Amino acid sequence: MRFVLPYPYPALWPNKRPHWSAKARATRSYRWMAKLAANGAKPGKVHLIFCPRPFGPAPDLDNCIAAFKSGQDGLADAMGVNDRDLIVTYEIGNRCKDGAVIVEIGNATD
């Protein structure tokens, strides 16, 4: 299964300091979006490709991973597993128009 999620919202990035309610709203929304996108996915390996926006400095991979935490929780919700049990690999891809996260979910035996 392969699908594209929007780039994590600004409030989700670790270097931002949003009001707690704005961060909670962003977290809830992004988690729900990831869960809907992965609905019906079977548990398996997850590969994430972060495609940064065309402007600004390129993000560090560790910041991308932290910003996607709520998305990873949503993927785990959709698969019916605990997020600590997910096998996830990450990479930074090419820049794209609005930024995106490409999610690839494969079988655990792949």
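Start with the whole protein chain: its radius of gyration (taken over C-alpha atoms) is 13 Å, which agrees with the value near 13 Å for a compact globule of 110 residues. The globule rule behind that is 2.2 Å times the number of residues to the power 0.38. What you have open is a predicted model, where local features need pLDDT of at least 70, side-chain atom pairs count only at pLDDT 80 or more, and totals for chains, interfaces and linings use all residues. Residues are numbered from 1 along each chain as its sequence is written, and side-chain values use heavy atoms, with hydrogens and water left out.

Still on the whole chain, turn on the C-alpha trace: along its principal axes it spans about 40 × 30 × 20 Å.

Now switch to cartoon view. You'll find three helices and four strands, in the order β-α-β-α-α-β-β along the sequence. Both are DSSP runs numbered from the N terminus: helices are H or I with at least four residues, strands E with at least two.

Next, select helix H2, residues 61–67, and pick out Cys64 inside it. Is Cys64 buried or exposed? Cys64 counts as buried because its relative accessibility is 0%, and the cut-offs are under 20% for buried, over 50% for exposed and partly exposed in between (1.4 Å probe, protein chains only).

Which residues does Cys64 touch? Leaving out residues up to four places away in sequence, select Tyr7, Trp13, Phe50, Pro59 and Ile92; contact means heavy atoms within 4.5 Å.

Last stop: add Val81, 17 residues from Cys64 along the chain, with 22 Å between their C-alpha atoms.
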